[in-house]
Amino acid sequence: MAIRVALIGTGNAGRIALRGLIGNPAYELTGVWVSTAAKVGRDAGELAGLDVHTGIAATDDFDAIIGAKPDAAVYCAMGDTRLPGALRDVCRLLAAGINVIGTAPGVLQYPWGVIPDKFIDSVEEAARQGNSSVYVNGVDPGFINDLVPLAFTSTCQHVEQIRCQEIADYATYDGAEVMFDVMGFGNSLDDVPMLLRPGILSIAWGAAIREVAKGLGVTLDAITDSSEREPAPEAFDIAAGHIPKGGVAALKFEIHGIVDGHPLIVVEHITRLRSDLRPDWAQPAQPGGSYRVEIIGEPSYTVDIRPTSRHGDHNYAAIAAGVGRVVNAVPAVVAAPAGIITTLDLPLVAAPAVVAGPGD
């Protein structure tokens, strides 16, 4: 029997998730929630960019989504800038007996020690009330930071450091809110964007770092972070808008999970808006962008991950990878015990949504 699934949010991640849900016979789509008035009433197939008519019209009525009584909801609404609202959404779904599998809110990847206990308690209480579970993951934060490093460290005699890198050109990424408000691209170097405010990096990626620490069986002394920005040498345009001369055009940050005074677990992001900026920073393994997991230990590894897609560039492919991790995890999360589920709790999610022939 197909799992009845609703989709929450049809932005960059949600549109891709919708394609996966519609195209997978294991799922029955029950509803699509949207936050944009212009999308209300449009068929899910149209919103997914597919030449199909599903008969499911998008709605901005959250109660209607809950009222359809799906088994699960794939949650892809914005969580970065509206964490309290996203947590309330998750709690409403869980309390109604609807399992939540999402790309947001990212802190739920592993919330213990990251957000106050009162918020964790409210999520767990809602899950108990509805006998439901919640799993949040993605690409980075996501499987690049938990599944991949833990898989490789499981082969090591000892580990001295894990470094997870995203090295990408974001010029084609069209999420203006993330680019300008969250990351601060195009802004003066005197401005401090949301992402670089004290403690935010350590919250945003702290969940993944604490999860890996748990998987390694170590206790963190602290989580620290650092950042560096580069101004645009002249004005230019990107998919999300305009970058003025002197505005931020490249960003590098690191988050360090400290154990015994040593940075054992490191997440590093190098984000450029032009490939010629800061050539001294690490370069991707393929044009546009890639991920790299470096493990220093015995044995040591360098794992380059190069997402590509028939439907878009490296930025699209990266989003598709994170969404795929979430959509394919739906059956395992539905079957899981009530509560907050992490990658450490899940069985190996190995099956793709659909096994297809060449070129399909």
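Contact here means heavy atoms within 4.5 Å. With that in hand, this predicted model can be looked at first as a whole and then around one histidine.

Taken overall, the protein chain comes out about as a globule should. For 360 residues, a compact globule would have a radius of gyration near 21 Å, and the 20 Å found for the protein chain agrees with that. Along the principal axes, the C-alpha atoms fit in a box of roughly 50 × 45 × 45 Å. The fold is a mix of eleven helices and 14 strands. Of the contacts between residues at least 6 apart in sequence, 71% link residues at least 24 apart.

As for inside and outside, 52% of the 360 residues are buried. The protein chain exposes about 15300 Å², with carbon and sulfur atoms supplying 52% of that area. Charges lean to the negative side in number, 42 against 25 positive, yet the mean positions of the two sets lie just 2 Å apart.

Zooming in, H269 sits in strand β11, which spans residues 262-272. Its relative accessible area is 3%, so H269 counts as buried, the cut-off being under 20%. And what surrounds H269? Setting aside neighbours within four places in sequence, H269 is in contact with D140, E166, W205, L251, K252 and F253. With D140 there is also a polar contact, side chain to side chain, at 3.1 Å. H269 thus pairs a buried place in the chain with a polar partner in D140.

Methods. Residues numbered from 1 in each chain as written. Predicted model: local features only at pLDDT ≥ 70, side-chain atom pairs only at ≥ 80, totals over all residues. Heavy atoms only, no water. Helix = DSSP H or I, 4+ residues; strand = E, 2+ residues; numbered from the N terminus. Buried < 20%, exposed > 50% of the residue type's maximum accessible area, 1.4 Å probe, protein only. Polar contact = N/O pair within 3.5 Å; in protein donor to acceptor, adjacent residues only side chain to side chain. Rg over C-alpha atoms; globule rule 2.2 N^0.38 Å. Areas by Shrake-Rupley, 256 points an atom, 1.4 Å probe, with all protein chains shown as cover. Lys, Arg positive; Asp, Glu negative; His and termini not counted. Charge placed at Lys NZ, Arg CZ, Asp CG, Glu CD.
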